[in-house]
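Let's take a walk through this structure together. Keep the viewer open as you read, and turn the view as each part comes up.

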Amino acid sequence: MKRGLGGAVIVVVLLFATLFPVLWTLLSSFKTLKDIVTPVPTLLFQPTWQNYADVLATPSVQHGLTNSAIVVGCSLGVGMLLGVPAAYALVRHAPQLKSDVLFYVLSLRFMPPVAIAIPFIVIYTDLGINDTRFSLILTYCLTTISTIIWLGVPAFEQVPREIEEAASLEGYTEFEVFRKVALPVAIPSLIGAILFTFVIVWNELLIALSLTSQNFTLPVVAASFTTMGMEVPWGIINASTILLALPPFLFIGVIMRFLNRFFRAAH
Amino acid sequence: MATIDIEKFVKQYGPVRALHAVDLHIEDGEFVVLLGPSGCGKSTMLRMIAGLEEISGGVLRINGKPMNDVPSRDRDIAMVFQNYALYPHMTAYDNIAFGLRRLKVAKPEIDRRVRQTAELLALGAYLDRKPRQLSGGQQQRVAMGRAMIKTPQVFLFDEPLSNLDATLREQLRVEVKKLHMLLRTTTVFVTHDQLEAMTLADKIVVMRDGHVEQIGTPREVYYAPASLFVARFIGSPPMNLLPMQVAPNGMQLAADGLVITLDPERAADLHPGQLVTLGIRPKDLRLAHLQSGTDRHSATVMLTEMMGAETLMQVRLGNTELIMLVDDRDTAVTGSTIEIAFAPEGLRLFDAATGKAIASRRISRVA
Ligand SMILES: Nc1ncnc2c1ncn2[C@@H]1O[C@H](COP(=O)(O)OP(=O)(O)OP(=O)(O)O)[C@@H](O)[C@H]1O
Ligand SMILES: [Mg+2]
């Protein structure tokens, strides 16, 4: 009993430490600048939507949001389309290549983003596609494909080989075995992989900063707020932080529902 | 309906050779049991037949057609896996129906057959559960159902009854037998339970370390084991095995104090001084007054175990302990001295050096 209590206390303390900054940000996003900057923090205040209205009314935010949605959506889609089958193929058909490929894929992420960005700028400029959504999508695909492969391999390794063998003995083709057996069994782990990848590209700042000046993404816009004028617009920063953090949560719900429906229909 | 021909099967796992040039012919409709201790290559052989394991050497023919390069989905084989291999994301019902759906069987027909199979396997109440909500035995029965619902050319079973309690096991063994008598589908069944092998098999293949030790009917492997290994492996209680030497006259076997006279025909295969192992089934050690015309030996009863209609007696003869199985009415009290005799038709001889049976051909004719 005592032990359980001790555990609970630790959990509460940890949760508080983790969530407090988030809660504080959320709270502050509804405060007026006056309420935010008072030396004694207030818990009771007149909530306002003004910060959100200001943020959303900013043309650069609207532009960044659209760009982010398109760029992240496309690169994540391509990453899933290519990365998931690639991970499966590695596990089942080229296990001898697995460790080399995984290391290669991981090594793509060792490099500082700027080191990747500079050669890309040169290439994209030559091709005439520098500072477009397309070039950003192309660059992010590197991240999404490699991350999904990297996390997809363990997901498919958890699928017992025998159940795939059983399905192939029942006459199913390799693709059907993949779609009806391997994929549904691996999906809980794959969802984690996809979410993780989404968060990485959604929050990506450095490459976007280097590759774009017109077609910037939301993190670039958010970063620019901190240098807007003399008076730091805390309320707007807080509101934009919350807005930036919201999509990953929404995304979890949407993707779960979609995948559930997809696989319920599959058999 | 299918014949299976296995020619010089070799399986190589890197440096490890799991099968050494195994030959086996299986008749159409035959029920063949692969029997052997753990690690002898039974599952490997089954998986090669199913096309799940590459054939490193040799040829597999089904109905005379080479199958080495045919993928498993085109071999028309149903298999029960040693570890069940149920689809974890499907209910028991869907697990059983999955194969039929592929064959585009009509829905009501699938439903009828699934329920019929579930009935047979006493699974009716569990059809809506996912595999992880089922006990080991229930999972095993779902795996059986998944195979049994189809009418393939060949059934492969990899120890399908190993996880069941005694009653269920016996019940399902009978069901497997009935199913086979009904459908006459060529079947290869792996087990390390010799009773299962004896009761089910038309033909038993005894395996050891990737080699075939003996192929024969249950009677042949029981009465005429081809080697000491088979003799030890088959039979419960096990065969008595006594190291002996052929006497100078060539007509008798001797081991400290114990002398056994052989009939001339048997003795012709031996030479004086040869070291042999004498094998005799517990049932062929008789009380002397029930066996006329052979040498009698005095033995002391060490232990008796009532096993129902029969009693197992452990007796000491000179320096050797022997097990005999007698009618319960003939049981002697522990500590008493009895006269026993070796039934001549039950004597089996093995070369002590090679472990191979001597003159097993002649004996198998007797059996
Ligand atoms: N993938 C593998 N790599 C290396 N060796 C293997 C592999 N699979 C099996 N073996 C070896 O091959 C031999 C035969 O294995 P197999 O699984 O066929 O045995 P078994 O007779 O089915 O045993 P059990 O009764 O325990 O199931 C064993 O010695 C095993 O260690
Ligand atoms: Mg096995």
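Let's begin with a side chain in chain B: one of the polar atoms of the Asn95(B) side chain lies 2.8 Å from the backbone nitrogen of Tyr87(B). Please keep in mind that this is a predicted model. Asn95(B) belongs to helix α2 of chain B. Is Asn95(B) buried or exposed? With a relative accessible area of 0%, Asn95(B) falls under the 20% cut-off, so it counts as buried.

What surrounds Asn95(B), once its neighbours within four places in sequence are left aside? From chain B, the residues in contact with Asn95(B) are Leu86(B), Tyr87(B), Met90(B), Pro131(B), Val142(B) and Arg146(B). The list also holds a residue of the other chain, Glu170(A).

Just before helix α2 of chain B, you can look at Thr91(B), which sits in the loop between β6 and α2. Thr91(B) has a relative accessible area of 18%, and because buried means under 20%, this residue counts as buried too. Again leaving aside neighbours within four places in sequence, Thr91(B) is in contact with Leu127(B), Asp128(B), Arg129(B) and Lys130(B).

That loop also takes us to a metal. Which protein atoms are donors of the magnesium ion (ligand 2)? They are OG of Ser43(B) and OE1 of Gln82(B), at 1.9 to 2.4 Å from the ion. These two residues link distant parts of the chain, being 39 residues apart: Ser43(B) is in helix α1 (residues 42-50) of chain B, while Gln82(B) is in the loop between β6 (77-80) and α2 (92-102). Gln82(B) has 39% relative accessibility, and since this lies between the 20% and 50% cut-offs, Gln82(B) counts as partly exposed.

Now zoom out to chain B as a whole. Its secondary structure comprises 10 helices and 20 strands. The C-alpha trace of chain B spans about 75 × 45 × 35 Å along its principal axes. Of the 367 residues in chain B, 52% are buried. If you take the contacts in chain B between residues at least 6 apart in sequence, 66% of them join residues at least 24 apart.

Next comes the place where the chains meet. How many residues of each chain take part in the contact between chain A and chain B? There are 18 from chain A and 23 from chain B. Together the two chains bury an area of about 1,900 Å², with carbon and sulfur atoms giving 59% of that. On the polar side, the count is 12 residue pairs in polar contact, both residues being at pLDDT 80 or more. On the chain A side, α8 (161-169) and α9 (174-202) each supply at least two of the residues that touch chain B. The largest share comes from α8(A), with 7 residues. By type, the chain A residues that touch chain B divide into 8 nonpolar, 4 polar and 6 charged.

Charged side chains also pair up across the interface, where the count is 3 salt bridges. You can find a salt bridge between the side chains of Glu165(A) and Arg47(B), with N to O at 2.8 Å.

Let's finish inside chain A, at helix α5 (residues 98-107). There, Leu102(A), Val105(A) and Ser107(A) are buried. What covers the buried residues of α5(A)? The cover includes α7 (133-157) of chain A.

Technical notes
Residues are numbered from 1 along each chain as its sequence is written. Chains are lettered from A and ligands numbered from 1 in the order in which they are written. This is a predicted model: local features need pLDDT of at least 70, side-chain atom pairs count only at pLDDT 80 or more; totals for chains, interfaces and linings use all residues. Side-chain values use heavy atoms; hydrogens and water are left out. Donors are N, O and S atoms within 2.8 Å of the metal (3.2 Å for Na, K and Ca); water is not among the atoms, so sites may look incomplete. Helices (H or I, at least four residues) and strands (E, at least two) are DSSP runs, numbered from the N terminus. Buried means under 20% relative accessible area, exposed over 50%, partly exposed in between (1.4 Å probe, protein chains only). Contact means heavy atoms within 4.5 Å. Buried area is the accessible area (1.4 Å probe) that two parts lose on being put together, summed over both. A salt bridge is a side-chain nitrogen of Lys or Arg within 4 Å of a carboxyl oxygen of Asp or Glu. A polar contact is a pair of N or O atoms within 3.5 Å; within protein, one must be able to donate a hydrogen and the other to accept it, and residues adjacent in sequence count only if both atoms are side-chain atoms. Ala, Val, Leu, Ile, Met, Phe, Trp, Tyr, Cys and Pro count as nonpolar, Asp, Glu, Lys and Arg as charged, and the others, Gly among them, as polar.
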